[in-house]
Each structure stands twice: as structure tokens, then as C-alpha cells.
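This report describes the fold, the core and the principal pocket of one protein chain. Please consult the sequence and the structure shown here alongside the text.

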Amino acid sequence: MRDSDKFLEDVVKNNYDINGELVSLVDFWGEGYDSFFTINPFALINAIDRNLMFNRNLSSSAKKLQFAKEKLTESLSYSEDRKSSLTTIEVKVSNYDYLSESIINQIYQSIINYSNEVNNVKASEKRQFIAGRLLEVKNDLEKTENEMLDFMENNKSLASPSLILKKDRIQRDITLYSQLHLSLSDQLELAKIDEKDNTSSIFLLDQPQV
């Protein structure tokens with residue numbers, strides 16, 4: 001719910017060319033948040049209900065913003081083809097066909113921005129996890145290497161089979177931790193790239209059409 005509200009807010013706060021002037025939808029639509037003038041009885045009831053539901057502590061600008069978001073929601077419609085997974089978005093704005101096209105373009109950009117934001121956050125969480133695991137493996141590797149060093153210093157001659165076996169076990173641990181350290185280092189670099197990656201897996205197939 002919070003994400004969808006943020007999406008609506010991003011779209012209505014953006015400036016659009018309306019009658020030759022750059023105006024946000026908050027200012028364009030928001031002026032009518034307290035208007036009751038309508039010949040449509042259902043629209044009149046909705047207007048009264050909307051004003052009754054407004055928090056009295058809300059400022060005029062907050063009410064305009066809320067009204068603009070509701071107006072955008074009413075103007076939006078979308079459909080999805082289950083076979084192809086393609087999504088079609090429509091915006092209907094009376095008397096301002098070109099504005100519908102501009103809003104569609106902004107909606108697409110907002111979707112891209114949100115998608116990139118989610119991917120970057122996930123990549124950041126992954127990077128932090130890998131970095132933490134890499135530190136643990138590094139400590140284990142250094143600990144095992146020190147164990148090997150102490151073992152070799154205290155056992156100049158490896159005549160005993162038990163000493164040879166112990167040395168082999170320590171060496172296997174060193175090899176394992178070394179491989180893990182190398183693998184995690186590679187994954188960490190990839191995670192850092194993903195964290196800064198702004199490419200999107202969402203593509204616009206058809207330009208907006210009036």
C-alpha cells in the first residue's frame with residue numbers, strides 16, 4: 001500500500017505541459033478538492049464523502065495532494081494478457097488527450113525507477129550478507145593457516161602416520177577456506193555491480209497513443 005501510494009504521489013507531483021505552462025497534477029486537479037458543484041448526484045455524494053473523510057488537521061496542500069492521487073486512480077486502468085504477460089495501461093483525462101500521453105510516459109518512468117530501486121535494495125542486502133560471510137571465512141582461513149604454522153614448527157619430522165593425517169586435515173581446511181574466500185570475493189564484486197546497476201528488465205513495447 002505504501003509503495004502504491006508513493007507511485008501515485010510521484011506521478012501527480014511531476015510537472016506537465018498544460019496549456020503552455022508546466023503544472024503539477026496536484027495544482028491542476030487539486031484545486032477542486034473542496035468543490036461540490038456538479039449535476040451528477042453520484043459525483044456530489046462522493047465529493048461530500050471525500051470532504052467528510054479528510055482529516056481536519058490536514059493542510060490545504062495535503063488535501064490537494066490526496067485529491068489529485070484519487071483523481072489519478074480513477075483515471076487509470078490496466079489490463080494484463082495472461083498468455084504473454086504483457087500489461088496495457090490507459091489514462092483518461094477529459095479535454096486533455098495530450099496530457100494523458102504525458103502521464104503515461106511518467107507512469108512508465110516511475111515504474112522503471114521503482115523497479116531499479118527494489119533491485120538495488122536487494123543487491124545491497126546481498127552485498128552486505130556476502131561481505132559478512134567473506135569476513136568470517138577470512139578469519140577461519142587465517143586461523144587454520146596459523147594452526148598449520150604451529151603444527152609445522154612443533155613437528156619437524158612427520159614420521160608418525162597420525163601426524164601426517166593431522167597435517168593433511170589442516171591442509172584440506174586451508175584449501176576449502178581458500179576456495180570459499182575466492183568464490184565469495186567474486187560474488188561480492190558482482191553484488192557491488194548489481195547494487196549500482198540501473199538497467200531494467202521492464203521494456204516499453206509500444207509508445208503511448210492517443
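The following paragraphs treat confidence, architecture, core, pocket and selected residues in turn.

**Basis and confidence**

The model is predicted; local features need pLDDT of at least 70 and side-chain atom pairs count only at pLDDT 80 or more, while totals for chains, interfaces and linings use all residues. Residues are numbered from 1 along each chain as its sequence is written, and side-chain values use heavy atoms, with hydrogens and water left out. The term pLDDT denotes the predictor's confidence in each residue, from 0 to 100. For this protein the mean pLDDT is 82, and 86% of residues reach 70 or more. Among the elements, helix α6 (residues 161-196) has the highest mean pLDDT, 92, and helix α3 (residues 41-53) the lowest, 48. Over residues 36-40 the pLDDT is below 50, and this stretch has 6 contacts in the model beyond near neighbours in sequence; a contact means heavy atoms within 4.5 Å.

**Architecture**

The protein contains 6 helices and 4 strands, arranged along the sequence as α-β-β-α-α-α-β-β-α-α. Helices (H or I, at least four residues) and strands (E, at least two) are DSSP runs, numbered from the N terminus. Among contacts between residues at least 6 apart in sequence, 61% join residues at least 24 apart. Of the 210 residues, 26% are buried; buried means under 20% relative accessible area, exposed over 50%, and partly exposed in between, with a 1.4 Å probe and protein chains only.

Strands β1 (residues 15-18) and β2 (residues 21-24) run antiparallel and are joined by 4 bridges; two strands pair if DSSP finds at least two bridges between them. Within this pairing, Tyr-16 stands opposite Val-23, and Asp-17 has Leu-22 as its bridge partner. In a regular strand the side chains alternate between the two faces of the sheet. Strand β1 shows such alternation: Tyr-16 and Ile-18 point to one face and are buried, whereas Asn-15 and Asp-17 point to the other and are not. The hairpin has 2 residues between its strands.

**Residues with positive phi**

Two asparagines are set out below.

| Residue | Location | Phi | Relative accessible area |
|---|---|---|---|
| Asn-19 | loop between β1 and β2 | about 55 degrees | 57%, exposed |
| Asn-95 | loop between β4 and α5 | near 70 degrees | 74%, exposed |

**Nonpolar cores**

A nonpolar core is a set of buried Ala, Val, Leu, Ile, Met, Phe, Trp, Tyr and Cys residues joined through side-chain atoms within 4.5 Å. The largest has 19 residues, of which Leu-25, Leu-99 and Ile-103 touch the most other members. Two or more residues come from each of α1 (2-13), β1, α2 (25-30), α4 (60-75) and α5 (97-154), with α5 giving the largest share, 4 residues. A second, separate core of 6 residues includes Ile-130, Val-137, Leu-188 and Ala-191.

Leu-25 merits inspection in the viewer. Leaving aside neighbours within four places in sequence, Leu-25 is in contact with Val-11, Val-12, Asn-14, Tyr-16, Gly-30, Ala-68, Leu-99 and Ile-103.

**The largest pocket**

The largest pocket holds about 830 Å³ of space. On a 1 Å grid over the protein atoms alone, a pocket is an open set of points where a 1.4 Å probe fits, with protein on both sides within 12 Å along at least five of seven lines, and lining residues have an atom within 4 Å of a point. Grid points are joined across faces, edges and corners, and the volume is the space filled by probe spheres set on the points.

The lining comprises 25 residues, and those nearest the pocket centre are Thr-87, Thr-88, Ile-89, Ile-104 and Asp-206. Strand β4 (87-91) and helix α5 each supply at least two lining residues, and α5 provides the largest share, 7 residues.

**Ser-100**

Ser-100 lies in helix α5 and is buried, with a relative accessible area of 10%. Not counting residues up to four places away in sequence, Ser-100 touches Val-91, Lys-92 and Val-93. The C-alpha atoms of Ser-100 and Val-210 are separated by 7.6 Å, although these residues are 110 apart along the chain.
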